[in-house]
Amino acid sequence: MSKEPLSPSNDTEQTIVCYAPTMITTNGIWQGDNPLDYSLPLFILQLTLVVVTTRLLVLVLRPLRQPRVIAEILGGIILGPSVLGQSNKFATTVFPLRSVMVLETMANVGLLYFLFLVGVEMDISVIRRTGRKAISIAIAGMVLPFLIGVFYALVLEEKLRPDFVKLGTFILFLGVSLSVTAFPVLARVLAELKLLNTEIGRIAMSSALINDICAWVLLALAIALAENEAMSLASVWVLLSSVAFVLFCIFVLRPFISWSAGRTPEGESISEFYICLILTGVMVCGFITDAIGTHSVFGAFVFGLIIPNGPLGVILIERLEDFVSGLLLPLFFAISGLKTNLASITGVSTWAVLALVTALACMGKIVGTLLVCLYNKMPFYEGLTLGVLMNAKGLVEMIVLNVGKDQKVLDDKAFSTLVIATVAMTSIIAPAVTNIYKPARKATPYTRRTIQRSDQGELRVLACVHTPRNAPTMINLLEASHPNKASPIYALVLHLVELTGRASAMLIVHNTHNQQQQQKSGSGSGAPGLDPTQAQTDHIINAFRNFEQQVGGFVSVQSLTTISPYSTMHEDICSVAEDKHVAFIILPFHKQQTVDGAMEATNPAYRTINQNVLANAPCSVGILVDRGLTGAARLPNQQQPGAHHVAVLFFGGADDREALAYGWRMSRHPEISLTVLRFVSGEQASRHADADADAMGDHSYGDEDEGCLNQFKAQTENDPWVNYIEQVVNHGEETVATIRSIDVVHDLFVVGRGRGRESPLTAGLTDWSECPELGAIGDLLASSDFAATYSVVVVQQYTGVGVGVENELIRSP
């Protein structure tokens with residue numbers, strides 16, 4: 001659009017508007033058109049270059065454990081005037097000035113929806129659960145860097161501050177950019193460093209969340225004051241309008257969205273109409289906050305925060321996250337890099353300022369955090385590590401810097417200096433933490449890592465539960481494990497919850513007393529609008545607490561919830577097991593029984609978790625194939641001796657000895673009868689047991705097997721509810737036939753996984769195994785071909801070395 005006078009003597013102006021639809025799409029190269037002269041082909045090329053460049057950098061920087069935001073900013077710097085943009089032909093062909101509007105518009109649309117997703121994922125309730133330690137660390141980690149920003153503004157303003165910018169506005173922008181901590185970036189860094197579920201990781205995440213919320217408040221204030229003219233009254237109206245918008249979202253929009261989501265019947269998917277309405281609401285909220293003078297991303301972020309936890313948030317994240325985070329968001333970071341011109345940082349003094357900015361900003365975070373940690377009596381190196389972690393920078397900083405540049409608060413030199421400082425501060429985190437924080441292993445490593453070694457004294461069990469459906473049989477299995485005064489059971493119940501979009505993984509320890517108080521106050525599982533995941537957790541906690549009360553002092557239950565990706569969930573399980581000195585981990589099988597008795601896979605990820613735990617567990621592991629296990633009432637007048645039948649199938653080896661130890665423990669329960677069925681070959685049967693050191697065809701285990709069996713027989717020979725049988729078989733077919741003949745009379749089978757066991761008695765059984773992680777016999781008993789009236793526990797004994805399960809597993813057809 002251009003405006004020009006009709007003639008020098010005529011004051012009237014004529015407006016000429018030029019518009020050509022062909023400027024968007026091309027007619028094709030065969031008609032002589034250059035696709036890069038048209039906006040759509042040019043945008044596609046730019047987007048492709050940005051995504052490819054950033055993805056390549058992600059792969060290059062992955063060994064250095066750098067977060068993706070570093071690769072995305074560096075990708076923009078490489079494509080911008082600092083590197084490739086120095087070629088005038090590349091700059092004018094690929095990133096011409098006329099394309100900037102389209103590129104920035106799409107980048108801001110992506111940013112709008114990404115900030116909406118950040119709001120959806122952010123769990124504000126964590127702040128309510130955060131202790132004073134995390135709050136003090138968050139405040140200290142902001143105050144000192146902000147004061148350093150004031151120092152920059154006062155001392156170095158001649159080098160960084162444009163002449164026409166108010167000092168107060170410059171201080172605010174500089175202070176915000178240096179003082180905030182990027183919550184999503186920190187979550188990814190902690191995940192890379194395997195620190196998410198450690199104490200230091202939880203403190204860091206809680207502090208960063210508080211820091212991030214404060215950053216958004218300061219950002220809104222900075223934008224409101226970004227006008228460089230004397231418009232103080234307008235700034236007040238901007239702030240008041242923003243507060244009114246937030247209140248409207250909380251007290252009007254949130255109840256409406258909750259009511260709309262609540263109208264969807266349980267088990268049914270949320271209506272497409274509601275999804276489209278919410279996606280439109282993101283744009284509307286962005287428009288409103290932009291119109292009142294706050295950045296549009298503020299409206300999208302607040303709108304995301306008011307989306308209630310539950311299926312609605314999960315669906316929104318699943319539908320948007322890959323497209324927005326993987327395709328559109330890199331555009332925003334790339335544009336920040338395109339605006340960064342390293343050539344503007346000239347002279348030794350300017351580079352010295354950059355080094356000073358980076359060093360003092362880092363030290364501000366570290367010193368402020370360290371002082372508070374020492375005040376809270378935390379170890380020095382933990383405080384130092386937390387200080388380094390709080391230097392994580394990312395999205396909020398880039399938004400602050402871009403807004404500052406758009407509002408001309410920051411010139412090219414100041415913008416480039418702060419972008420490089422942001423990259424430098426974030427990039428040093430992973431290497432620094434790796435060298436600083438080296439937690440020592442447990443000073444007193446525990447030895448009771450198997451059921452055999454925990455025969456006397458307390459048995460510590462980690463019971464993993466995916467859904468409330470797993471709870472009844474798990475409880476009945478613990479009951480069958482015979483908790484008693486001489487050998488009580490300490491049961492850790494771990495609810496496994498997949499991380500679906502939430503900004504960080506976490507391990508939640510539930511306080512039973514608090515849980516009871518919540519129920520008494522009406523905020524328990526029956527509370528309306530409760531997060532479905534929390535409702536499931538409450539149901540599981542209640543079930544195990546009732547079991548604890550029923551047993552009467554012989555079982556202690558501690559409930560926990562881990563929220564993490566399925567790919568790393570085994571690390572949480574193994575970490576909890578080691579921290580709590582657990583002897584036995586019980587995992588639900590990845591298949592469940594259907595109405596017709598068949599076994600149907602529920603979630604393939606459950607199988608991967610089980611395989612990874614088998615390969616990495618610090619103790620013995622049992623996989624529970626749930627076909628229902630009838631509970632036993634402990635009231636004396638209702639006891640029925642031998643009412644429940646358990647069978648242990650013994651072929652030999654460490655896993656079978658562990659299975660025998662577990663069955664032996666169960667046999668002491670007054671309502672359980674035990675049958676131990678030892679399989680021997682015809683050749684072995686012809687020899688005398690105590691003279692045969694090579695029994696079972698397992699040369700490494702023969703002596704130990706015989707000793708274990710002899711001890712078992714000697715101590716149970718007078719027990720009418722324990723039956724020991726030796727069955728002579730010659731090959732796998734006879735083994736299968738023998739098992740089929742006894743399977744209908746038992747409630748539970750306990751079998752060893754059989755690692756390292758090569759026996760003619762099981763030959764051929766593994767050729768068609770669907771689930772080799774169960775071993776030959778376990779897979780046979782868990783298959784749909786067998787009677788569906790019993791449950792199975794497949795036991796793997798901890799041997800002190802890696803079990804190498806990954807070498808044995810094959811994918812099921």
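Is Asp705 buried or exposed? At 0% relative accessibility, Asp705 counts as buried. I'll come back to its partner below; here are my notes, in order. Keep in mind while reading that this is a predicted model.

1. **The overall picture.** We have 813 residues here, and buried ones make up 53% of them. The secondary structure comes to 29 helices and 15 strands. If you take contacts between residues at least 6 apart in sequence, 80% of them join residues at least 24 apart. On the outside, the accessible surface comes to about 36,300 Å², with 59% of that belonging to carbon and sulfur atoms.

2. **The main core.** The largest nonpolar core has 129 residues, and Phe116 and Ile399 are the ones with the most contacts inside it. Helix 14, residues 311-339, gives the most to this core: 13 residues. There is another core apart from that one, made of 51 residues, including Leu494, Cys619, Val625 and Val792.

3. **Phe116 up close.** What does Phe116 touch, once you leave aside its neighbours within four places in sequence? Its contacts are Ile278, Val282, Ala300, Phe303, Gly304, Ile307, Leu316 and Leu320. Worth clicking through these in the viewer.

4. **A greasy spot on the outside.** Val243, Leu247, Phe248, Ile250, Phe251 and Val252 make a nonpolar surface patch of about 560 Å². Val243 sits in helix 11, which covers residues 232-262. Val243 counts as partly exposed because its relative accessibility is 49%.

5. **Strand 7, covered on both sides.** Strand 7 (residues 584-588) is mostly covered, with five of its five residues buried. Phe584, Ile586 and Pro588 are on one side, Ile585 and Leu587 are on the other, and all are buried. So what does strand 7 pair with? Three bridges join strand 3 (residues 459-465) to strand 7, and these two run parallel. Ala463 has Ile586 as its bridge partner in strand 7. Five bridges join strand 7 to strand 10 (residues 620-625), again in parallel. There, the bridge partner of Pro588 is Leu624.

6. **Salt bridges, and the Asp705 pair.** Side chains of opposite charge can pair when their charged atoms come close. A search of the whole structure finds 14 salt bridges. Back to the opening residue: Asp705 forms one with Arg657, and the closest N and O atoms are 2.7 Å apart. This pair links distant parts of the chain, with Asp705 in helix 27 (residues 702-716) and Arg657 in helix 25 (residues 654-667), 48 residues apart. Arg657 has a relative accessibility of 5%, so Arg657 counts as buried. Asp705, as noted, is buried at 0%.

7. **Glu770 and Lys591.** Here the closest N and O atoms of the salt bridge are 2.8 Å apart. Glu770 is in the loop between strand 14 (748-752) and helix 29 (775-782), while Lys591 is in strand 8 (residues 591-593), so to speak a long-distance link of 179 residues along the chain. Glu770 is partly exposed, since its relative accessible area is 40%. Lys591, at 15% relative accessibility, counts as buried, the cut-off being under 20%.

8. **Arg678 and Glu726.** Which strands does this salt bridge link? Arg678 is in strand 12 (residues 672-680) and Glu726 in strand 13 (residues 722-728), with their positions 48 residues apart. The side chains meet at 3.4 Å, N to O. Arg678 counts as buried because its relative accessibility is 3%, whereas Glu726 has 38% and counts as partly exposed.

9. **A charged network.** Glu104, Lys339 and Asp406 are linked in a network of salt bridges. I'd have a look at this trio in the viewer as well.

10. **Met205 and Met390.** Met205 is found in helix 10, residues 199-224. With a relative accessible area of 5%, Met205 is buried. How far apart are the C-alpha atoms of Met205 and Met390? They are separated by 9.2 Å, although the two residues are 185 apart along the chain.

Notes. Residues are numbered from 1 along each chain as its sequence is written. This is a predicted model: local features need pLDDT of at least 70, side-chain atom pairs count only at pLDDT 80 or more; totals for chains, interfaces and linings use all residues. Side-chain values use heavy atoms; hydrogens and water are left out. A nonpolar core is a set of buried Ala, Val, Leu, Ile, Met, Phe, Trp, Tyr and Cys residues joined through side-chain atoms within 4.5 Å. Buried means under 20% relative accessible area, exposed over 50%, partly exposed in between (1.4 Å probe, protein chains only). Helices (H or I, at least four residues) and strands (E, at least two) are DSSP runs, numbered from the N terminus. Contact means heavy atoms within 4.5 Å. Patches are made of residues with over 30% relative accessible area and no salt bridge: like charges are joined within 9 Å, nonpolar side chains (Val, Leu, Ile, Met, Phe, Trp, Tyr) within 5 Å. Accessible areas come from the Shrake-Rupley method with a 1.4 Å probe; for residues, only the protein chains shown count as cover. A salt bridge is a side-chain nitrogen of Lys or Arg within 4 Å of a carboxyl oxygen of Asp or Glu. Two strands pair if DSSP finds at least two bridges between them.
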